[in-house]
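Please work through the following exercises on charged side chains, reading each solution step by step beside the model.

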Amino acid sequence: MTAYLTVVSTLILIAVIYQIRLLRRMNGKLTKLASPERDIRRIAKDLRESARENYRQSEYYTQLIRLLDLKAPIPATRNWAASPDVLLTLMDVAKNSKPSRILDLGSGMSTLVLAVSAPNATVISIDNSAEYAAKTSQLLASHGITNVDIRVAPLTSHTSGVEWYDLAKLGDISAIDILFVDGPPGSKNDRARHPALAECLSRLNPRAIVVIDDAGRDGEKDLAHQFAKALPNHRLEFLPHEKGTAVLLPQ
């Protein structure tokens with residue numbers, strides 16, 4: 001009798017193990033079958049978000065072009081270049097604050113927008129690339145812009161441990177009313193733009209406005225918070241832009 005029960009128990013155990021393995025196989029197959037559906041839902045969601053962002057940027061771009069009233073062609077925006085949303089913010093800041101001196105870290109469309117929006121200001125644009133600086137110079141010339149000083153400042157070792165603009169090119173800059181931080185390139189090093197705090201803070205007027213692009217990234221977001229600590233009489237605002245924009249305004 002004992003032997004019979006042992007055999008039965010063994011058979012039951014084998015059957016249970018078989019059923020468990022069968023269920024696991026079925027679950028794996030069902031998961032594979034469901035995976036494409038999840039991928040389709042994810043792709044559809046990404047497409048909806050992309051379409052929504054494209055529409056928003058087209059709205060900003062239309063406003064920007066209309067308000068600037070440009071008379072010559074302009075280069076593409078977005079991707080590596082500044083997006084229409086941050087450019088529109090720069091235009092608004094420059095028109096309303098009536099600055100005398102603007103420092104633009106990273107030349108391009110931002111340089112044009114700032115120069116057109118504040119025609120009585122001197123815009124100093126710093127770029128580490130002679131090629132891009134030349135393109136910006138051609139852009140400005142085509143629009144008849146004369147209030148910009150473009151300086152090529154190669155990247156050199158900075159005391160912070162990263163490479164930043166050659167400080168010799170910034171030696172005479174002071175009394176900045178607007179600082180726009182969009183350079184040097186920060187996609188490979190999240191602290192690439194951090195020297196802007198040490199090198200530009202003492203050059204700012206007490207009521208200067210600081211705008212930081214790409215504040216959706218941790219490095220630029222951290223830089224914005226550091227500026228906020230160093231400027232206790234300013235308020236920090238993060239704008240929900242395509243790449244994220246941080247704005248520090250005097251209170």
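**Salt bridges, step by step**

Lys135 is partly exposed, with a relative accessible area of 45%, where partly exposed lies between buried (under 20% relative accessible area) and exposed (over 50%), using a 1.4 Å probe and protein chains only. This is a predicted model, in which local features need pLDDT of at least 70 and side-chain atom pairs count only at pLDDT 80 or more, while totals for chains, interfaces and linings use all residues. Residues are numbered from 1 along each chain as its sequence is written, and side-chain values use heavy atoms, with hydrogens and water left out.

**Exercise 1.** Find the salt-bridge partner of Lys135 and place both residues.

Step 1: a salt bridge needs a side-chain nitrogen of Lys or Arg within 4 Å of a carboxyl oxygen of Asp or Glu. Step 2: Lys135 meets Glu131 in such a bridge, at 3.5 Å from N to O. Step 3: both residues belong to helix H4 (residues 130-142) and stand four residues apart, about one turn of the helix; helices (H or I, at least four residues) and strands (E, at least two) are DSSP runs, numbered from the N terminus.

**Exercise 2.** Describe the salt bridge between Glu220 and Arg193.

Step 1: their side chains meet at 3.4 Å, N to O. Step 2: Glu220 lies in helix H6 and Arg193 in the loop between E6 and H5, so the pair ties together parts 27 residues apart in sequence. Step 3: both Glu220 and Arg193 are buried. Step 4: salt bridges with shared partners join Asp182, Arg193, Asp214, Arg217 and Glu220 into one network.
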